[in-house]
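Trainee: I am new to this structure and would like a close look at a single part of it. Could you pick one strand, walk me through its surroundings, and then show me how it fits into the wider picture?

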Amino acid sequence: MSLIIDRGRLMLPGPTDGAAERRVPSERLHLIPEAARRSFVPWVADLPGLKLGENDLTRIAPGRPQAEGEVIEISGHVLDEFGRPVRNTLVEVWNANTWGRYTHVKDPVRERLDPNFLGFGRTMTDEAGRYRFRTIMPGSYLARPDIDRWRPAHLHVSIRGGSARLIAQMYFQGDPHLARDPMFILLGEAQARHFGNRVGQGANGQALYRWDIVIGGRNTAYFES
Amino acid sequence: MSAAPVTTNRLAPLAEDTVGPYYPYSFIDGDRSDLTRLHYGLSVGPQGQQIILRGRLLDSDGAIVDDALVEFWQANAAGILRTPDNDGHPLLDPFFDGFGRLITTTEPFAFRTVKPGALPAEGGMAARAPHITVTMFSDGITRLVTQIFFDDEPEANAQDPLLASLPAELRERLVARRVEAPAGGPAVYEIAIVMRGPGETPFFDDLSS
């Protein structure tokens, strides 16, 4: 078998996801000729204004009661592959509540909703590319009752702004459901980079995690204006 | 395929993942599905011909994919992209930044914008036919990217380096067709984006390219 060098990546459907089997392209991606590449690199300057407390998911709004569950605080840098900070970019986060339920109309009714938890927030990186947010330790949940498959505790991030674009998941070391989670298994050698690293305890007893978000590809390099 | 430069201090990127089924609808706070209207009540707007790009995002069963996040990126009517290297360009439109975003429903989506101009050749880059870059996220997939062209630009399309890089039978899958629309309103173009299966849309690899 010869190495294919004139075509892009082949996207592989996840092993158990019916949506993937109907949505993942069967053909390899096509490479972009250099002469056409310029317009594939978006530049997003129009970002929403943030409201106070949008990086604190533990409360629906400042002054409201705290949600159920363990408070965790996650911070780190958003970087490109050369270690350069991705500045002033939007970091959107979302996760399930302490019982493993998303506050989303399409999440099947399994676990309890927490009236004090919406589970989504956002923040901007600062001039050094740093971000920080506080949330509730997400519960694991039974994603496929038919085959008893659980999703381990995880949270999602979306990075958008400048020319950076990434959607990724962060996991927690030691979660018993990791070993059977197809999405985690498919990360392969990248698994270790998707763990938040426990680094201690904050002044209010919250568990502190560090997680650096490194965005790949040439697009991200556009951010230096 | 351009190989990554070999360095010892390069950081390994995270793996792109699916947005999943339960990402927050707050992603579209600040409606970006209509780039022709700056803000309710403002009488200024972008230069150029107003259009609606009406699209159906389809799966391998031919069913419309709902709850997909679709992002758009395009030049203004003069063919200028609002990027840092175009800062201060005399043809930038102060009322147009070219970035749109919407979430699909069970109906075809409608992205209202101005028709992008042809990109001029510059800095070693070829001229480009008018086009809109479309990025898709949904349950089951990681980020997919393609570009959509217009069927009333046959000469420009014939010269476009991206279309030229594709086998002839795939090119037309990226070309939106102008359809009948009420007189006096925006021109309407239609495109089907087929994620998988017969008639599958060509998607592009901006990580390996």
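Mentor: Happily! Let's take β3(A), which is joined to strand β4 (residues 120-124) of chain A by five bridges, the two running antiparallel. To find this pairing on your screen, start at A:Leu90, whose bridge partner in β4(A) is A:Met124. Please keep in mind that this is a predicted model.

β3(A) also pairs with strand β8 (residues 154-161) of chain A, again in the antiparallel sense, over six bridges. Here a good place to look is A:Asn95, which has A:Leu155 as its bridge partner in β8(A). Strands of a sheet pair in this way through backbone hydrogen bonds, either parallel or antiparallel.

Now for the side chains. A:Leu90, A:Glu92 and A:Trp94 point one way from β3(A), while A:Val91, A:Val93 and A:Asn95 point the other way, and all are buried. Because six of the six residues of β3(A) are buried, the strand is largely enclosed by the rest of the structure.

Part of those surroundings is the other chain. β3 (90-95) is among the elements of chain A that give two or more residues to the side touching chain B, along with α1 (18-23), β1 (30-31), β9 (164-172) and β12 (213-215). Of these, β9(A) gives the most, with five residues. In total, the contact takes 59 residues from chain A and 62 residues from chain B. On the chain A side, they divide into 32 nonpolar, 13 polar and 14 charged.

The two chains also meet strand to strand. Two bridges join β1(A) to strand β9 (residues 204-205) of chain B, and this pair runs parallel. You can locate it at A:His30, whose bridge partner in β9(B) is B:Phe204.

Next, look at the packing inside. The largest nonpolar core has 95 residues, and A:Ile213 and B:Leu53 touch the most other members. β9(A) gives the most to this core, with seven residues. As for B:Leu53, leaving out residues up to four places away in sequence, its contacts are B:Phe111, B:Thr113, B:Ile132, B:Ile148, B:Ala176, B:Tyr189 and B:Ile191.

With chain B in view, follow its open sheet of eight strands, in the order β3-β2-β5-β6-β7-β8-β1-β4, with mixed pairing. In chain B, β3 (99-103) and β4 (109-114) stand at the edges with a single partner strand each, so one side of each has no neighbour in the sheet. On average, neighbouring strands of this sheet are turned by 30° against each other, direction ignored. Inside the sheet, strand β2 (residues 69-74) and strand β5 (residues 132-138) of chain B pair in the antiparallel sense over six bridges; one place to see this is B:Glu71, with B:Thr135 as its bridge partner in β5(B).

One last stop is B:Pro21, in the segment before β1 (50-58) of chain B. B:Pro21 counts as partly exposed, because it has 17 C-beta neighbours inside 10 Å. Setting aside neighbours within four places in sequence, B:Pro21 is in contact with A:Lys106, B:Asp67 and B:Asp139. The C-alpha atoms of B:Pro21 and B:Gly140 are separated by 8.2 Å, although the two residues are 119 residues apart along the chain.

Finally, a word on confidence. The mean pLDDT of chain B is 93, with 96% of its residues reaching 70 or more, and the predictor gives the complex an ipTM of 0.92 and a pTM of 0.93.

Terms used: Residues numbered from 1 in each chain as written. Chains lettered and ligands numbered in written order. Predicted model: local features only at pLDDT ≥ 70, side-chain atom pairs only at ≥ 80, totals over all residues. Contact = placed C-beta atoms within 7 Å. Helix = DSSP H or I, 4+ residues; strand = E, 2+ residues; numbered from the N terminus. Nonpolar A, V, L, I, M, F, W, Y, C, P; charged D, E, K, R; others polar. Pairing = 2+ DSSP bridges. Core = buried A, V, L, I, M, F, W, Y, C linked by C-beta atoms within 7 Å. Buried ≥ 20, exposed ≤ 12 C-beta atoms within 10 Å, placed from the backbone. Axes fitted to C-alpha atoms, helices over the stretch in contact; angles between N-to-C directions. pLDDT = per-residue confidence, 0-100.
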